[in-house]
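Please work through the following exercises with the sequence and the 3D structure at hand. Each task is followed by a worked solution.

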Amino acid sequence: MPLLKVENITAGYGRERVIASLSFHVNRGEIVSLLGPSGCGKTTALRAIAGFEPISEGQIVIAQKIASAPGMTLPPEQRSIGMVFQDYALFPHLTVSENIGFGLRKRPAVDRKVQIAHLLDATGLDGMGERYPHELSGGQQQRVALARALAPRPTILLMDEPFSNLDVELRERLSVEVRDLLKSEGISGILVTHDQHEAFAVSDKVGVMHGGEILQWDTPYNLYHEPNHRFVADFIGQGRFIPGVVRSPETFDTELGLLHGNRSCTKAIGTRVEILIRPDDLVPDTNGEIEALVKDKAFKGAEILYTLELPTGTRLLSLFPSHYDHHLGDTVRVRMDAEHLICFARND
Ligand code: ADP
Ligand code: MG
């Protein structure tokens, strides 16, 4: 039985529907993300799950108990959830230990002390219990917020863009730490973010949201390799689209010649499509049949990401090992190295 079931929920503000027919499940101990651009309804969905927003259709079931239904919203404190926000929201006049222990006020002092010590240790805040929030860095403050949310041992931790105020390096480190911590404590998590790297680092499953809907609910691997929607293909990872025509379920006629993939395209033969070409699908090869012009380059350390222009003007991205150092305007030769090709119907 899933720990959390979000079933066809609809929610909004006044007459405006912000999320429509949203459904997903979270199993015990699983960590999932809702990933999407700003304004797509992520926070609204999370607030509905937390019990801060009512729903007008569907239901939310937590641990076999209906938590939300039209006309019924169990209050947040009765849902066994913890929440972490982007802005930490620590109590400035309380010490780190007092902040962490805030949700444990009704517990016996000795339990409280043990749990605070455990979380100081688990979140890497050893020795900082007596400090005040203003004496901590942003990363440390977010660790306190995390420890405070975990202290009452919620079954699900809800996190709304928790790392967006941190610099990139710290963001990546903290996301991995949070994942490890939740897994070791056996707590399920829902992360809401617009940052795919964060979502991928933390989650078992990711739901890509757009306009209040989940377009694809899948593993990070499948979202990258088998996007089932044009928006998902565009939003996840890098890549460009090349026009083509379906010749057989595995073959497309394009300006690069006939391209073969090992996935069956469900579109009818003759359909005009767009084929997703990822930067790792196009590799340098001095004997390659494809000739292209270097239009742009971005040094990435071990690799260089080139923007290449085909004779027709179509631009594709290609990852070259870093020692292939070409200049803008150079002509390079490449070949396709893609196992499966993903196509979408073309509207033009
Ligand atoms: P996200 O977290 O993905 O950026 P939100 O759930 O915050 O998206 O917002 C989705 C939509 O709902 C936006 O168009 C936003 O303007 C609107 N919205 C959010 N909160 C409110 C509110 N309290 N009142 C009215 N509209 C809101
Ligand atoms: Mg938001």
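The exercises below concern a predicted model and treat a ligand site and a sheet.

**Exercise 1.** Determine which residues surround ligand 1 and how the shell divides by class.

*Solution.* Step 1: collect every residue with a heavy atom within 4 Å of the ligand. This gives Tyr 13, Val 18, Pro 37, Ser 38, Gly 39, Cys 40, Gly 41, Lys 42, Thr 43 and Thr 44. Step 2: sort the shell by class, which yields four nonpolar, five polar and one charged residues. Step 3: assign the shell to elements; helix H1, residues 42-50, gives the most, with three residues.

**Exercise 2.** Identify polar contacts of ligand 1 with Gly 41, Lys 42 and Thr 43, and state how much of the ligand the protein buries.

*Solution.* Step 1: apply the cut-off of 3.5 Å between N or O atoms. Step 2: at Gly 41, a polar backbone atom lies 3.1 Å from an oxygen atom of ligand 1. Step 3: at Lys 42, a side-chain N or O atom is 2.9 Å from a ligand oxygen. Step 4: at Thr 43, the distance from a polar side-chain atom to a ligand oxygen is 2.8 Å. Step 5: ligand 1 taken alone exposes 560 Å², of which the protein buries 57%.

**Exercise 3.** Establish the strand order of the open five-stranded sheet and describe the pairing of S18 with S19.

*Solution.* Step 1: the order is S16-S20-S17-S18-S19, with antiparallel pairing. Step 2: strands S16 (282-284) and S19 (315-321) are the edges, each pairing on one side only. Step 3: from one strand to the next, the twist averages 50 degrees. Step 4: S18, residues 303-309, pairs with S19 in the antiparallel sense over seven bridges. Step 5: Glu 309 stands opposite Arg 315 in S19.

Definitions and conventions:
Residues are numbered from 1 along each chain as its sequence is written. Chains are lettered from A and ligands numbered from 1 in the order in which they are written. This is a predicted model: local features need pLDDT of at least 70, side-chain atom pairs count only at pLDDT 80 or more; totals for chains, interfaces and linings use all residues. Side-chain values use heavy atoms; hydrogens and water are left out. A polar contact is a pair of N or O atoms within 3.5 Å; within protein, one must be able to donate a hydrogen and the other to accept it, and residues adjacent in sequence count only if both atoms are side-chain atoms. Accessible areas come from the Shrake-Rupley method with a 1.4 Å probe; for residues, only the protein chains shown count as cover. Helices (H or I, at least four residues) and strands (E, at least two) are DSSP runs, numbered from the N terminus. Ala, Val, Leu, Ile, Met, Phe, Trp, Tyr, Cys and Pro count as nonpolar, Asp, Glu, Lys and Arg as charged, and the others, Gly among them, as polar. Two strands pair if DSSP finds at least two bridges between them. Axes are lines fitted to C-alpha atoms, for helices over the stretch in contact, and angles run from 0 to 180 degrees between N-to-C directions.
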